[in-house]
Structure formats: C-alpha cells, structure tokens
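Here are some comments on the model you sent round, set out as numbered points so that each can be checked against the coordinates.

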Amino acid sequence: MIENKKVHKFGMVVDLDKCTGCGACMVSCMSENNVPFKEDESNKKDSITWMRVYKLTNGKSFPETEIVYLPRPCQHCGGIGDHGHSPCVSVCPATATDYGYDTGIVSQIYTRCFGCRYCMGACPYHARYFNWWDPKWPKGMENYLSPNVSPRMRGVVEKCSFCYHRYQLAREQAMIEDREIEEMEYQTACTTACPAGAIVFGDLNNPAHKVHQIVKPDPHPDPMNHKVVGKSRNPKVFRLLERLGTNPKVYYMSDREWVRKAGDNYLKGEWENVKTHHGASSSHG
Amino acid sequence: MKIDRRSFLGLGLGAAAGIALSPVGVKLTDDSSIWTQNWPWTPVPEDGEITYDRSVCSLCPGACGISVRKINGRPVKIEGLDDHPINNGGACLHGISGLQYLYDPARIKTPLKKNGNKFEKISWDEAISLVAQKLGEIRESDTPESLGLITGADNGSMSRLFERFMGAFGSPNTYTMPSLESNLALTAAAIHSADRSLGFDLDHSDFILSFGAAIIEGWGSPVACIQANASRRERKAKLVQVDYRLSNTANAADKIIAVKPGTEADLALGLCAVLLAKTQISTNTLYGDVNKLAFAAMLEKEYTPDKVEAITGVKAADIEALAMEFIKAKAPVAVPGKGRGDVGQSLREFAAVQALNALAGRLNKEGGVFVMWPAGYLNFPENVMDAAAEQGAGKAKLAGSVNELVDKLEKDGGLSALFIYNANPCYALNNPEKVKAAMDKVGFKVSFSSFMDETALRSDVILPASIFLERLEDVVSGAGLAKTVVGLCRPMVKPVFDTKHPGDALILLAQAMGAGIAQSFSWESYEACLEEVTEKIWDTLSDDGYVVIDDKPPVGTPATDFTFLVSAPKVAVPMGEGDYTLVPVDKMRLAGGSMTSSPFAVKTVSDTVLSGKYSVVEINPTTAGVLKDGDIAVLKTAMGTAKVKIGFNEGILPGVIGMPRGLGHAFNNPYVAGKGVNVNDLIGPVIEPGSGLDAAFGIKASLSKA
C-alpha cells in the first residue's frame, strides 16, 4: 500500500520567450508514451499529439511580425474552484478519466473508455485525441515500445498524462527508501527533452520547487472571479482561457504583452482590466 | 400430457426462475465484457528491468551525448545525456526518434547485388568477393585512380579508414559532401592556413551577428546552439540576424536586418569597409596579414555604404550603425552559413564574414571565432604502398569538389568504380537528376548505406551498414563548435538485420584484395583498429564516453590572408528567369542533407509546411498576384516544375518564395517519402570559381495558378 505523505499538485510553466518551436518535446512525448503514427499526419485534426506546439503571431506585417511557439500538453485542469471537477472528468460516463486528488493529474484509463468523446467536446484546449484507427507500426518497430504505457486501441480517447508512469516509478523508489520524492526524480519527458530549457516541471504545492517559485500560485480564490484559484502572482505568468475557471496546472510565461493577451479571447476593453490584475501580492504557501 | 393453462403457466414460471437463477446469463455477460475488452492485435510490450546506457548520436554532425533507456536490454527511449560537454542533457527531435531508424521500413537487411533492374540478396562472402574481384580488375588494368569515393563527413576514424583504403588502392579521388564543417574548413584554408577549422564561441559572445545562420534551426551542433541562444537573456547577449525572411532565428533575434537573398557577402564587406574607414583599425600587415592594404583599397572603392545599400537593400545609415555597434560590443562574433550552412553556400560569403571577424580582432578570443587545429587524436600506422598504389597516388584528382565531379562525370565520365559512404548525393545536391546521370556513367557503384535511399537505389552492390545504435565509433565534434570533443558511440543493440559495421566491411574487403591493401588493413576488426588508432585517449574515451580535447581559445592570433577576397570572386547570381527568387528554407523539424527525417519528425511538421502531398511555399501576400492562400500553383524554374501549395507569410521578403528543404524523398518508406517536393530538384548548381562550391542558394522562378 502506497501511503501519500503529502498532497502534491504537479504542474509546469513554459517560458514562451525561450521556446524555439524545435519540436523536441513533441517527439520525446511520442517516444515516451508509445504514440503511434500514420502515413499521412498532415491533417492535424486526426493527428495524435499529446504535446502539440502551436504557432502564434502578433498579426503585424514584416518586419514587425513576431512569432511565438506555444507547447500545449493536457492542462490537467482542477476545475471550478480547483475542486477536481475538470471539464472532461465531469462529463465522462465511464469514469475513464479521473482527477487524482493526491497529484492533481487527470488520468485516462483506456480500457474503460468506450469512445463517446464527450470529454473531447468538454475540453477547451483540444488536448484530447480519439483513435479513429488501430495503431499500426511498421514490421519490427513494436520492438521499441515501452512497457510503462499501454498502447491504445481503436475507439478510445487518449491524452497527456504528465508521464504518470514516471511518477509511479519515482514514488516506488522513494517509498522503498522511505522518503519523499525529489523534484528532479519526477520530470515529464517533454521537460527533460527541451534543449532550450523552456519547460519547468514540479510540485506547485512545494515552495522549494522551481515551478512554485516562478509561478507563485495564489492559494486563494481570485476576488474578481471565485472560480479561479491558483492564479499566478508573477505578472509575466498566465494560463490559457484562465477566466473559464478550469484552473489548469500548465502555466505560460512571457515578457511580451501580446503573448500574454493571446492566452484568452478578450472583448474590447477587457484586457486592460485583466493585464494589471495578478494573484494577491501577499505570499501564502 | 395435456398442456392446460395451469401447467403452461407452471412451466413458464419454472423456466423463468431457472433462467434467472442459472449462472449462464451472468457468465455470458461476464464473458462478453471480457472478450470485448481484449485487443489481441494491440501489442503488449514486454516488461523487465530498466537500465540506462550512454552513447553518442551521429545522425548529424552535432555529436550529442545520449542516454538510451532499455528494458531487459531492449532500447525503448533515447534522451539527451546529462552533463555532456556538448548538449548537457538536451536533445533534438531527430536524436530522440533514433530508435525509429533502427526498424525503418527502408533499411537494407542483407547485402544486395543489382541484377538488371532488381536487387538480389547475396551473402556477405559473395558481396565482399564480388567487390574485391571488380576492384582487382581495375588495379590490374593499371587505372587505380578511377576508383572514386564520396563520403559525408571527413573527420573521425571511419572517414580516415575510407581515405586509407583509397590511398592503399592508389586513388586520389576522394570527395566530401558539402557540409557546414567542410565549408568552414575551406574558409580557414582560404584565409588563414590549411588544415584548420573555425569554431564560434556563441556561449561567451555578447553580440552575435548571424548572416542568415539558422542558429536555432539546425545550424552547427543544433542542441548546443539552441542552448547558447536560450542563455542569451541571462547573459544580456544580443543577436542580430541578417535574413530575407522571418526565420525562427530571426524571430528570436533582437534585431533583423532584411537583405536580398544572396547579398550577405556584400553586407559583410560593407561592414568591413565601415570599420576600416571609421575606426582605428590599422591597414598595416599586422600579425603577418597578407594583402590587407589591397583589401582596404578594394573596400574603399567598391563597398562604400551607398554602394552596399544598392546591392543589399540595407540602408547606408543602418550599415554604418551596425558596424559601429559590432565593434563596440565586448565580445562580438560574426557567423556565416545561411540556413544550416551546408548546400548552396559560397566561399566568398564565408570569407567575407570571417574577414569581418578578423578586422574586429575577434580571432581566438573568448566569445569570438576560434581558428582551430584538427583534433589530432588519431594515429594511423603508415599505409603500405604497393606499386599500383604508388602509381595512382601520383595522379591528379579528377575534380576539386563533389559538384565539379558530378559535372565532369556527367559530361565525360572518368571513374570506373565509386564508393558511397554516409552520403545521399542523388537527393542532397542541387539538380539531383544530373547527379543521377553522372552516377549512371560510373560502371560499378558500391554503397555502404543503411537505408535504401535515392543513391543506394542506383548502386550495383550494397554492403549495408549497421546504424549508429548498432555500432562502435569515435564521433568527433566540429560543425562550428568552439570546442573539440571526441565521443564514443557504442552499440546499444545487436545489429537488427544482417548488416555489418562499415569499418569491418572495409577491412574484410581490403583483406580479400590482398597485396598492399591487405597489409594496410591488417586489423582483426574495426574495434581492434579503433582501439589502436585512438590509443592516446582510448582509456578515458571508453571509461567516460567522451574526451574533451580542447575548449579554450587557441593561443596566438593567426595571420589573415585577404588574397582570395581581393581577387574579387564572382558573385553567384540566381540563374534563370522569372518574377520571383526561389530559396530553400531549412527547418529544424525536417532533416537536411543526406539524412532523412524519421516518421516522428515528419509527424511534427506543421500543415503550413507540408499539406498532404504538397509542399507549402512561403510567399508574401503583397507579391502573390492573383494567387490566394491555400491555392495549388505551378512553380517553374530553369531546372524543373513542381505543383505546390501557396502559404501566405508576411514574414518573407516580397518577391521571394521560400520552400522547405528535406521533403520530396523518393524511396520505399511511406511515412517519410513521397511527400512534397525536393527543393534541390528545382535549383541548378552554380559552381563558384576558386572554391568549387555550389553557390546557388536561390534560383529565378515563376508561379502560376494550377
């Protein structure tokens, strides 16, 4: 029996000013998680990429044009008020996706999933992918598949798990040695691969972790919007569609205002109110 | 028995009770739920003990350290190796997908012999004796110099071994595919001295002036360069990118200087002219510089800011300001090599950029450019030269570069046999059709390829090579890195197919040939050879996995010889006619040169680069005419025609069409080949006099709606 000494809340922050869009995170994820590939992957609607790098531009013409690459794993939403009612978890009729209260990770159990795809409709981040076909590897290539992640079958939904199997391995090791797991013991495959060091992963609940120090999450609900909890107290840090109250555990960081503004759809005048508003300045937790 | 109402009801109720109580229903439901939860066709990867092994990736010249995770000895994942002096834990997408190359559908599984139009499987013994016999005939006919060799890289023991074979055989005809490394070596030879290379200390520079170098998109050692860029902010180092489009590197830069493609050299010379005119830089022949006065006179006359503005499109005032900013920085460095810096480069441009470094006093300074000595860790014993070898060795080389060789072969032949190792010229050189025609003029082609690529398809015999995950090899860094690190690539897995280490194949072949060649290759195996020739560093190399030969600025300031630049080398103008200039665009997610992308890498490619079977070309909407975003159009150049998809991009200079490089492969791997167009098909080589380089970076093109 594995006993959890402390409740974790794993999350990441991506420095968009460092990301070069090289794609190492995407491939590291595919290789780590036995994600299959098809002959034609140029139709991105049916191309399964747990981690997907989006390209954003500021819409200005050359030479004022600026590009930003935005890596998007599953956001591991805590749901309204951060109570664990993630949009996808709330709608799953099969309990195939669930919220881990000990880790903050949203799971996906392939053998329970019967492919209704409600979760895909509920996810505001397009982080979930449906297997329209059975995976097929060229002859012999199954040999590189990892036993830590089960290959999926036709008719089920899959998504990023924050490399949960890596957490399990680290947790087992820590348990054997009767200690807490260390920050660097559990890192996702995308984080370790990033050559630019743009991704920082760790426990948002642990003030010693780098991710906590960068994000400085506000443990109190946002006074302007009680659905939102864990808002960053770092003015450069934001979350995608933050005002929905999905409370993602993936944060983004940029020095540039247009990039931070691109994290949500603002009506005229709304951004002016939001941009100066960050989590409370007092330092709890 | 009469069935009355009573017994009917009794039986009915009994049956109902029976069915309800019977375990059959429950069992059937249970079974059906179990059976519908079985997916026997879905693989169940075998579990086991997790171990990690260290090696070096040799897919590109980056020479990154890798860590291979294994389950019961079976490799399942490749990651960057922590604390490695080159990549310090980072990895690129191509290296991470390394395992896909192991089981690639296009891998060559056994030795093959061409019979008519088809390949026939043969054994290794047959293959070796067949090649030995053919080569023996060439030697007997007293024309050993008619054996040619085309290789990918020219450092490390494997390329030395191939050169050794050529030497012992008696042929000087060894050619290297164009690479950043070879271009830098040419530059060093032209303006410093032969047998040196250039390394750019990006990690310590505070002002990087890149002449189109795709520093975060695969230039040099890709991971090291991305890391150097990522640390810029903390170091307060500036990056200024000279470019004709908003590449990712230009986007990451603090400032973009937009130039007409192909005029980068003129801009560099313009900056040199400003430095000489406006600063205290002496035109005296300090440090033994050669022809500096003549160079200064040429700059004063031909490269005034106004004249350079007319050529490059950069404003004269901006040129002056940039030159002053460059010279005033603490540790500035100018970096040459458009895109990845391999194909379509001119020595004039490399030399002009290096002259800028020289004038600014940045040679062998921290954060500048290092004029580096060769790694020098290999000690091969003297070749045993027999009579045939002596005879052939005295002959002149057929051509000065691989491009000139192709030209020569296509026109009037000249080689009776050709070895191809670690190169895919029938894809990677400009105008591959001409390369193919040139190949057809060679009677007997032996390929040491691991994959049935465009060039292997045209060979007569294939001695299939084990890939980097299956073999032992020294991998030496280069590619513009300001340090020399030798890494040890180790076999992570037994060869999956009936392939051999190309070193072993070469040793077997040499021994089968007898005479001086056999004596020059008297090793029992490549492993024994490697251990012997790397004796000086072998212990550290095999214990630590790498040896840092040098990571400090070389001592002293080398002399600069401006003769080449003073000779006013001709500018390579894009050939042909048309309203547009077509240029290749190097992308990090698409492998370039002779390396093919993996299925994973192709999967990550955006639909604004590859859409179905179409390459998407970048074009500025202001010069697109009647064409709309997403239209299918016909792109025509003097070399060929291709159907492409139009992709509007405000970040490209008007009048320029950018086409992704690395697509349009034509061989049997449906995951990576048959997608898009090979941009090299549309560009004809323009050989630069004096260097033999193919300097055609772009070509004139026309575009019309399909």
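**Notes on chain B and its contact with chain A**

Helix α15(B) is followed by B:G361, a residue whose phi is positive, near 70 degrees.

1. Please keep in mind throughout that this is a predicted model, and that the points below should be read on that footing.

2. The helix just mentioned, α15 of chain B, covers residues 347-359, and its 13 residues reach 18 Å from the first C-alpha to the last, which is close to the 18 Å expected at 1.5 Å a residue. The helix is also mostly covered, with 13 of its 13 residues buried.

3. On the contact between the chains, 54 residues of chain B are in contact with 44 residues of chain A. The elements of chain B that give two or more residues to the side touching chain A are β3 (74-80), α3 (93-96), α4 (98-102), α8 (222-230), α10 (248-252), β11 (255-258), α25 (599-604) and β21 (610-611). By residue type, that side of chain B divides into 31 nonpolar, 14 polar and nine charged residues.

4. One of these contributing elements, β3(B), deserves a second look: is β3(B) enclosed by the rest of the structure or left open? Six of the seven residues of β3(B) are buried, so the strand is largely enclosed by the rest of the structure.

5. The partner of β3(B) is strand β2 of chain B (residues 65-71), and the two run antiparallel, joined by six bridges; within this pairing, B:S67 has B:E79 of β3(B) as its bridge partner. Together β2(B) and β3(B) form a hairpin with two residues between them, and B:N72, which lies in the turn, has a positive phi of about 50 degrees.

6. Chain B also holds an open sheet of seven strands with mixed pairing, in the order β5-β4-β16-β15-β14-β6-β7. Its edge strands are β5 (118-121) and β7 (174-176) of chain B, each of which pairs on one side only.

7. Within that order, strand β15 (residues 444-447) and strand β16 (residues 461-462) of chain B pair in the parallel sense over two bridges, and the bridge partner of B:S447 in β16(B) is B:I462.

8. As for the division into domains, chain B is split into domain 1 (5-36), domain 2 (202-367) and domain 3 (572-705). The C-alpha centres of domain 1 and domain 3 of chain B lie 69 Å apart.

How values were computed:
Residues numbered from 1 in each chain as written. Chains lettered and ligands numbered in written order. Predicted model: local features only at pLDDT ≥ 70, side-chain atom pairs only at ≥ 80, totals over all residues. Contact = placed C-beta atoms within 7 Å. Helix = DSSP H or I, 4+ residues; strand = E, 2+ residues; numbered from the N terminus. Nonpolar A, V, L, I, M, F, W, Y, C, P; charged D, E, K, R; others polar. Expected span 1.5 Å × (residues − 1). Buried ≥ 20, exposed ≤ 12 C-beta atoms within 10 Å, placed from the backbone. Pairing = 2+ DSSP bridges. Domains from an automatic or database assignment.
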